[in-house]
Amino acid sequence: MANIINTPKAGQPIGPYNQAVMANGTLYVSGQICIDGSTGKLMNKDVETEAHQVMKNLGLILEEAGLGFKNVVKCSIFLADMANFAVVNEIYGSYFDGKYPARETVEVSCLPKNVQVEISLIAVEG
């Protein structure tokens, strides 16, 4: 049984998908970009602002599912420019308590709405 997880607090999907799906105690969160859920606008002044908004959106979706960053077991980070790796890595890391999940970071040629950062994750209950 899969349960759809959506919250108006995070940026709304820009295509035919949900923010997250909970199946058998595992939460699969779709890639999030820097859309502010309260305004619907991109928070893309700079890569730092983008990264914080992406992590905030992920946190809001985790919260909606009754979870937190402590439940995250895997992340995928997509960057439009690997030159931003150090900045995004530092911001990303600040949202965890030192128990970091598995992850990969890749550079891609283009992201939705021409943003610089997109992150997806998998979290588990318990």
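Is F69 buried or exposed in this predicted model? F69 is buried, with a relative accessible area of 15%, and the close-ups below start from this residue.

**View 1. F69 and Y95 make a tilted aromatic pair.** Let's begin with one of the four aromatic pairs that the structure holds. The ring centres of F69 and Y95 are 5.7 Å apart, and their planes meet at 55°. This pair links distant parts of the chain: F69 belongs to the loop between α1 (47–64) and β4 (72–79), while Y95 belongs to the loop between α2 (85–93) and β5 (102–107), 26 residues apart. Y95 has a relative accessible area of 25%, so this residue counts as partly exposed, the class between under 20% and over 50%.

**View 2. F69 also pairs edge-to-face with F96.** Here the centre-to-centre distance is 5.4 Å, with 75° between the planes. Because F69 sits in the loop between α1 and β4 and F96 in the loop between α2 and β5, the pair ties together parts that are 27 residues apart in sequence. F96 has a relative accessibility of 9%, so F96 counts as buried.

**View 3. Five aromatic residues join into a cluster.** Step back a little and you can trace ring pairs linking F69, Y92, Y95, F96 and Y100. One member, Y92, has a charged neighbour to look for: R103 lies over the face of the Y92 ring, 4.8 Å from its centre.

**View 4. β4 and β5 run parallel.** Six bridges join these two strands. For a handy landmark, find S76, whose bridge partner in β5 is E104. Between the strands, the chain passes from β4 through α2 to β5, making a β-α-β crossover that is right-handed.

**View 5. The largest nonpolar core has 34 residues.** The residues with the most contacts inside this core are L27, L58, L62, V72, I119 and L121. At least two core residues come from each of β2 (20–23), β3 (26–32), α1, β4, α2 and β6 (117–124). Helix α1 gives the most, with eight residues.

**View 6. L62 brings us back to F69.** Leaving aside residues up to four places away in sequence, L62 touches L27, L67, G68, F69, V72, L121 and A123. Among these neighbours, L27, V72 and L121 are also listed, like L62, with the residues that have the most contacts inside the largest nonpolar core. F69, for its part, is the residue that pairs with Y95 and with F96, so this last close-up can be read alongside the first two, with F69 buried at 15% relative accessible area.

Technical notes: Residues numbered from 1 in each chain as written. Predicted model: local features only at pLDDT ≥ 70, side-chain atom pairs only at ≥ 80, totals over all residues. Heavy atoms only, no water. Phe/Tyr/Trp six-rings, centres within 6.5 Å; stacked < 30°, edge-to-face > 60°. Helix = DSSP H or I, 4+ residues; strand = E, 2+ residues; numbered from the N terminus. Buried < 20%, exposed > 50% of the residue type's maximum accessible area, 1.4 Å probe, protein only. Lys NZ or Arg CZ within 6 Å of the ring centre and 35° of its normal. Pairing = 2+ DSSP bridges. Right-handed = clockwise from strand over helix to strand, strands pointing away. Core = buried A, V, L, I, M, F, W, Y, C linked by side-chain atoms within 4.5 Å. Contact = heavy atoms within 4.5 Å.
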